[in-house]
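Q: Please take a close look at the ligand site in this model. I would like to know what surrounds the ligand and how the protein holds to it.

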Amino acid sequence: MSSDFNVIIAGGGLAGLLCAKELAKKNLPVEVLEEHNEIGHPNKCSGVVSLRSLKELGLFPMKRGVQNRFSKIMFHSPNDNKITLKFKSTNVVVLNRYEIDNLLADDATRLGAKIAVGSKAEEFTDNGSSVKVRTKTNRTLSCKSLIEARGAISYKNKKGFYNGIQSHASYKDFEADHIHVFLDRRLAPGFFAWLIPIDEYTARIGLASRGQIIERFKLFQKRIDVKDVLDLNISPIIVGGPADHFIEGRIIYVGDSAGQTKPTTGGGIYFGGVASLLASAALKAKSEDPNISIEDEYEKKWFSRFKREVKYMKDARSCYEKMINKEIEKLFIITKDVYSSQIDLEVDYDFHMSSLVRILGLKTLLSMAVAIFGKSMRDSLHNLWTRFLKE
Ligand SMILES: Cc1cc2nc3c(=O)[nH]c(=O)nc-3n(C[C@H](O)[C@H](O)[C@H](O)COP(=O)(O)OP(=O)(O)OC[C@H]3O[C@@H](n4cnc5c(N)ncnc54)[C@H](O)[C@@H]3O)c2cc1C
């Protein structure tokens, strides 16, 4: 193994910290540069994730940080029609991201990683054999590989995001073991609003939109009868899909900076977390054998896991973005006719589009599409289904 192979990670969020932990575990010298003075702060994430994915990322069981578990997701229409779907194996949880990021940072440090808080990475220069990094405080560092994990700020598709607004609030009259999702263009055109109970009394409430975010949030508060909110935060939610490539010379993108989120919800813990594991393993292999291709070991492996699901999610997003409230309402009414308001089909939280397409089947999907949108959407769905069967 080459003893001078070291890695610098720009960004101490979940993706960067997971890389740091994995690289330190593999005995590679690694330093994380985090611009804020405290890991995990400010916390902008809702923290909803499946237990299965946490186990895969090596994060479960965990000492602390799981706040609530959910067996169901309840969708609310503009007129408050409701449809409930069951999660496969009742294994969806909500995390306190502040706690999780700090647990990860502690693990990484214990394994030998260095974490420099208050260190904003400002400039990277890849000179072919190493990368020079300059921080805001004019510290200069050099590494064999740089992991770009600065989150949404370095995501290149500047049209591929919504602005998310979220806060904590007391709630009443909502089931505490359900995630509540509100589909309503008045609140969140092209996206949705959410109420995620973290216990019987407190929830994370939020929505995403491309404009008038404060006004829409106030409207949402009215709808769910929530007066006072705490910790209001506005941050981008990435939905534009992954970048075509995750590697530029010696710079390796992971997490939100690579667009590794679900285009339906913007959830990035699982997709970005898997990227961190793959990228770290690829770097370790590269440190031992310079002929190893990071592209093969990281990028290609990530795409072979998620490409198909991401495609369905993007298709679903582009259909949903066009829907007006009347069509959303119709979707609820027709779904209730075909099934009932309690759908006992088990949906896989991580691969929800493949799971839904498989569960609902062509006949149901097409008849629903014709009833809601007419023939044009029927043709789009037919093409989608034909592609699904071919792959
Ligand atoms: C409102 C909201 C709700 C969400 N809810 C969910 C959810 O329920 N489930 C889910 O799976 N995902 C959710 N996500 C997405 C999830 O938060 C992200 O996908 C995930 O945090 C990405 O991790 P990351 O490490 O790539 O980026 P981040 O978590 O954004 O971390 C990037 C880090 O880089 C640091 N940084 C930035 N610039 C610099 C710099 N120049 N130098 C040094 N450090 C820098 C930042 O301070 C930050 O700590 C949500 C996102 C939002 C906005």
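A: A polar contact here is a pair of N or O atoms within 3.5 Å. By that cut-off, a backbone N or O atom of Val48 makes such a contact, lying 2.8 Å from an oxygen atom of the ligand. The model is a predicted one, and the distances below are computed from it.

Two further backbone contacts can be listed with that of Val48. A polar backbone atom of Leu14 is 3.2 Å from an oxygen atom of the ligand. For Ala121, the partner is a nitrogen atom of the ligand, 2.9 Å from a backbone N or O atom of the residue. As for cover, the ligand taken alone exposes 1000 Å², and the protein buries 92% of that area.

The shell can next be described by secondary structure. Helix H1 (14–25), strand S2 (30–34) and strand S17 (229–238) are the elements that give two or more residues to the shell around the ligand. S17 provides the largest share, three residues.

The shell can also be read residue by residue. There are 31 residues around the ligand, and those that come nearest are Glu34, Lys44, Val48, Arg97 and Asp256. Val48 thus appears both among these nearest residues and in the backbone contact at 2.8 Å. Sorted by class, the shell has 14 polar, ten nonpolar and seven charged residues.

At the level of domains, the ligand lies between domain 1 (7–40 + 96–157 + 241–292) and domain 2 (58–95 + 161–238), because both give residues to the shell around it.

Helix H1, one of the elements named above, also holds Glu22. Glu22 has a relative accessible area of 9%, so it is buried, the limit being under 20%. The C-alpha atom of Glu22 is 43 Å from that of Met323, a residue 301 places away along the chain.

Two other helices give some context for the rest of the chain. Helix H5 (residues 269–288) has 20 residues, which at 1.5 Å a residue should span 28 Å; its end C-alpha atoms are 29 Å apart, so the two values agree. H5 is mostly covered, with 15 of its 20 residues buried. Helix H7 (residues 325–338) has 14 residues and an expected span of 20 Å, and its end C-alpha atoms are 20 Å apart, which agrees. Buried residues in H7 include Asn325, Ile328, Phe332 and Thr335.

Terms used:
Residues numbered from 1 in each chain as written. Predicted model: local features only at pLDDT ≥ 70, side-chain atom pairs only at ≥ 80, totals over all residues. Heavy atoms only, no water. Near = heavy atom within 4 Å. Polar contact = N/O pair within 3.5 Å; in protein donor to acceptor, adjacent residues only side chain to side chain. Areas by Shrake-Rupley, 256 points an atom, 1.4 Å probe, with all protein chains shown as cover. Helix = DSSP H or I, 4+ residues; strand = E, 2+ residues; numbered from the N terminus. Nonpolar A, V, L, I, M, F, W, Y, C, P; charged D, E, K, R; others polar. Domains from an automatic or database assignment. Expected span 1.5 Å × (residues − 1). Buried < 20%, exposed > 50% of the residue type's maximum accessible area, 1.4 Å probe, protein only.
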